[in-house]
Amino acid sequence: PPQFERELFYFVELDTSDFVYVNRVTTTMRPGSHHFVLYTYDEVAGNNLPQPNVYRDIRNFDGSENFEVLYQMQFQKFISGTQTRLYDYTFPEGVALKIDPSYGFDLNLHYANYSNDTIIGEVYNNFYFSDPDEVERIAEILQFINQDFELLPNRETTVNSTFWIEDEFGSPVNIFQLWAHAHKLNTEFKIFRVKQDDPNFRELIYISYDWEHPPLMKYDPSMILGLNEGLELEATYFNSTDQTVSFGLLSTDEMMALFGLFYTGDQ
């Protein structure tokens with residue numbers, strides 16, 4: 001509807017019982033999308049898997065929250081996402097993401113309509129699969145999110161948050177993809193490679209000036225981070241409103257997140 005934003009989920013089951021190995025993802029979206037994210041679940045979800053082929057809005061049309069959907073979100077596992085209308089990413093040769101089909105795919109669409117006309121949202125996502133015999137390394141999801149910040153009204157604020165490899169993964173990692181996610185108050189998003197034993201080491205490895213279309217960085221060869229290293233997120237915001245803004249799901253809230261793909265050790 002006009003002057004409204006709609007974020008919903010749509011759960012689909014897979015027609016195979018065998019593990020699948022994703023080595024390429026393509027997504028196409030109509031204009032007006034804030035993002036498209038694809039999730040799955042695991043055994044922790046238990047009996048809380050969504051009903052398939054049903055649109056589940058995070059917020060009802062009267063603006064109230066759908067608490068059943070919010071409850072299900074805590075069990076979701078990120079697989080893939082994009083904020084660009086045309087997305088096409090191929091994994092490095094021999095690397096693939098292993099997916100258990102028994103937990104299906106939960107599609108997350110978010111459209112914001114600030115016009116006075118009704119718009120139509122539409123998204124298509126394709127997964128391309130590797131032959132299991134050709135997979136040499138299993139990819140894993142990197143997901144760092146900082147929810148602990150406030151942006152005071154009519155002020156620029158820079159927020160920093162560091163995630164250490166030893167604490168997050170317990171083993172060295174080979175990162176081959178990174179992309180940042182924030183909302184419209186974000187003016188700059190930087191990622192630094194840092195070291196615990198060298199406070200003067202701070203290497204810039206990612207930067208975005210466009211919150212709507214943050215770049216997807218491909219690292220080839222992969223970027224190897226040891227146990228004593230980490231990633232420091234530095235996001236700068238200008239809160240042009242008269243209200244304090246904090247972390248939240250609406251486009252009028254803010255976010256500070258980093259997603260990516262990696263594999264561990266020398267698999």
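The chain's secondary structure comes to two helices and 19 strands, where helices (H or I, at least four residues) and strands (E, at least two) are DSSP runs numbered from the N terminus. This is a predicted model, in which local features need pLDDT of at least 70, side-chain atom pairs count only at pLDDT 80 or more, and totals for chains, interfaces and linings use all residues. Residues are numbered from 1 along each chain as its sequence is written, and side-chain values use heavy atoms, with hydrogens and water left out.

**Exercise 1. Overall form**

Work out how the radius of gyration of the chain agrees with the globule rule.

*Solution.* Step one is the rule: the radius is taken over C-alpha atoms, and a globule is given 2.2 Å times the number of residues to the power 0.38. Step two applies it: for 267 residues a compact globule would have a radius near 18 Å, and the chain has 19 Å, which agrees. Step three adds the box, roughly 55 × 50 × 35 Å along the principal axes, which the C-alpha atoms fill. Last comes burial: 48% of the 267 residues count as buried, meaning under 20% relative accessible area (exposed is over 50%, partly exposed in between; 1.4 Å probe, protein chains only).

**Exercise 2. A residue in a loop**

Place L185 in the chain and decide whether L185 is buried or exposed.

*Solution.* Start with the address: L185 is found in the loop between β13 (173–181) and β14 (186–195). Next, its relative accessibility is 9%, so L185 counts as buried. Then look at the partners, where contact means heavy atoms within 4.5 Å. Beyond its neighbours within four places in sequence, L185 touches L151, T236, Y237, F238, N239, S240, V245 and E254.

**Exercise 3. Aromatic pairs**

Find the aromatic pairs, and explain what F149 and Y237 tie together.

*Solution.* First, the test: rings of Phe, Tyr and Trp (its six-membered ring) pair if their centres lie within 6.5 Å, and planes under 30 degrees apart count as stacked, over 60 as edge-to-face and the rest as tilted. The whole structure yields 17 aromatic pairs. One of these, F149 with Y237, is stacked, at 5.7 Å centre to centre with 10° between the planes. F149 lies in the loop between β10 (137–145) and β11 (150–151) and Y237 in strand β17 (residues 229–239), so the pair ties together parts that are 88 residues apart in sequence. F149 counts as buried at 7% relative accessibility, and Y237 does too at 0%.

Now try F176 with Y263: this pair is tilted, at 6.2 Å centre to centre and 35° between the planes. Since F176 lies in strand β13 and Y263 in strand β19 (residues 257–264), the pair ties together parts 87 residues apart in sequence. Both F176 and Y263 are buried.

**Exercise 4. The nonpolar cores**

Which residues have the most contacts inside the largest nonpolar core?

*Solution.* Begin with the recipe: a nonpolar core is a set of buried Ala, Val, Leu, Ile, Met, Phe, Trp, Tyr and Cys residues joined through side-chain atoms within 4.5 Å. The largest has 37 residues, and I175, L231 and Y237 have the most contacts inside it. Strand β13 gives the largest share of this core, five residues. Apart from it lies another core of 24 residues, among them I79, F91, F127 and F176.
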